Amino acid sequence: MGTAVAARQVLRWTVRTAASSLLSPLQLGRCHLQPQCVGCGLFCSSTSLSTLQPTQHSYRLSHVSEKKATELSLQALVDLGFTDTQAEQIYEAVSKVRGGSAAKHALSTLTALFLLGLSPSSVLKLLQKCPQLYTVKESQIQQRIDNLRKLGLVEGSLQRVVAHYPQILTVPMKTVNRMVAFLREKCLFTVQQVTDILRDSPAIVLEDLGQVEYKFQYVYFRMGVKQAEMVKSRLFRFTLDEVRRRHCFLERRGLYQTPDKKGQTIIANPKLDSILNVDQDIFLTAVAKASAEEYEVFQRLIAREWQEPGKQYGTIEADSDDYEEEEEDEEDVETGGKAGYRKRRKK
């Protein structure tokens, strides 16, 4: 539905631009009139393009400054569906982007975003969040969108991810696929779990692999939380320090216990979701049973501890030994029948 509407919008833009070019020389150069995407090319006839060429020639000769044919115009943005105010905002934003490639790729970039099914207001919002998109080629954007679809982000989820985190379209496919392979092979998340992580925590694609692995290991070994619960709690939206502070606070108050190698504890640990996905007041009153003053003092003390040599990385190595002693054929239900994650020993 969204793609069809976008295609009609691009067709309307093409027809309007072609008609107005015959009446006024103050229009875009040829590359503005030729849609950059495959969908737009289907609606553009060779006759209309050949008819426009004399006008384009007059336009170039009439400008002493000899502006590039790829330069944006307010009229082109209005023809795409933006209001006058929105067109001015985009035009001004493009002029502020350095490097010279923004004006060159802006129209084709906008076209690709429209074909994704986004409205003009949505496109404007995500471009305000991520001006770097102006400099990305339309072909690259389309390849990255197609790659996200292959990774399981279906229509609806894909649009929400792009609207929430447009930076994901500036990340090379190789980088995204490397993170996906890492989550699958090193952390043993299932295919569907990796898709859920990309949908709920898309910023993970730009994180350092070592930091992601350590965060996973901390929650898996120190907290005894399996992959399914990590995904449900949207673990990768939070920094490692946020996770550690709340976990250590509960642990020192006797409200959290690291499970033994059989996954058992003497007390009932609170769920990861109730630890992370609540604001500080609710965490303190409902989970930690503590005051804000107590937590403030604890944070100062723990920050001082972590600055000591050998304290930055906690005690994962010691706790992980129990898991390494498990039998190799033991299966973990949480990881879809595969053996549970085991930290490799350093050689």
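In the predicted model, buried residues account for 43% of the 347 residues of the protein chain. The secondary structure of this chain consists of 19 helices and zero strands. Among the contacts in the protein chain with a separation of 6 or more, 71% are made by residues that lie 24 or more positions apart. The surface that the protein chain exposes comes to about 18,400 Å², of which carbon and sulfur atoms supply 52%.

Aromatic side chains were examined next. A search of the whole structure finds ten aromatic pairs. One of these pairs is formed by Phe189 and Phe236, whose ring centres are 6.0 Å apart and whose planes meet at 75°, so the pair is classed as edge-to-face, a term that applies to angles over 60 degrees. This pair links distant parts of the chain, since Phe189 belongs to the loop between helix H11 (173–185) and helix H12 (191–200), while Phe236 belongs to the loop between helix H14 (227–232) and helix H15 (240–252), 47 residues apart. Both rings belong to buried residues: Phe189 has a relative accessibility of 0% and therefore counts as buried, and Phe236, at 5% relative accessibility, counts as buried too. The pair is also part of a cluster, in which ring pairs link Phe189, Phe216, Tyr220, Phe221 and Phe236.

Charged groups are found over aromatic rings as well. The charged end of Lys226 sits over the ring of Tyr220, at 5.5 Å from the centre of that ring, and Tyr220 is itself one of the residues of the cluster. In another case, the charged end of Arg246 sits over the ring of Phe283, at 4.6 Å from its centre.

Helix H18 (residues 292–306) shows how buried and exposed residues are arranged around one helix. With 15 residues at 1.5 Å a residue, H18 should span 21 Å, and because its end C-alpha atoms are 21 Å apart, the model agrees with this expected value. Within H18, the residues Tyr295, Phe298, Ile302 and Trp306 are buried. These four residues cover an arc of only 65° around the axis, which means that they lie on the same side of H18. An α-helix has 3.6 residues a turn, so residues three or four places apart point the same way. On the other side of H18, by contrast, Glu293 and Arg304 are exposed. The buried residues of H18 pack against two other helices, H15 and helix H17 (280–288).

Notes. Residues numbered from 1 in each chain as written. Predicted model: local features only at pLDDT ≥ 70, side-chain atom pairs only at ≥ 80, totals over all residues. Heavy atoms only, no water. Phe/Tyr/Trp six-rings, centres within 6.5 Å; stacked < 30°, edge-to-face > 60°. Buried < 20%, exposed > 50% of the residue type's maximum accessible area, 1.4 Å probe, protein only. Lys NZ or Arg CZ within 6 Å of the ring centre and 35° of its normal. Contact = heavy atoms within 4.5 Å. Areas by Shrake-Rupley, 256 points an atom, 1.4 Å probe, with all protein chains shown as cover. Expected span 1.5 Å × (residues − 1). Arc of directions from axis to C-beta.
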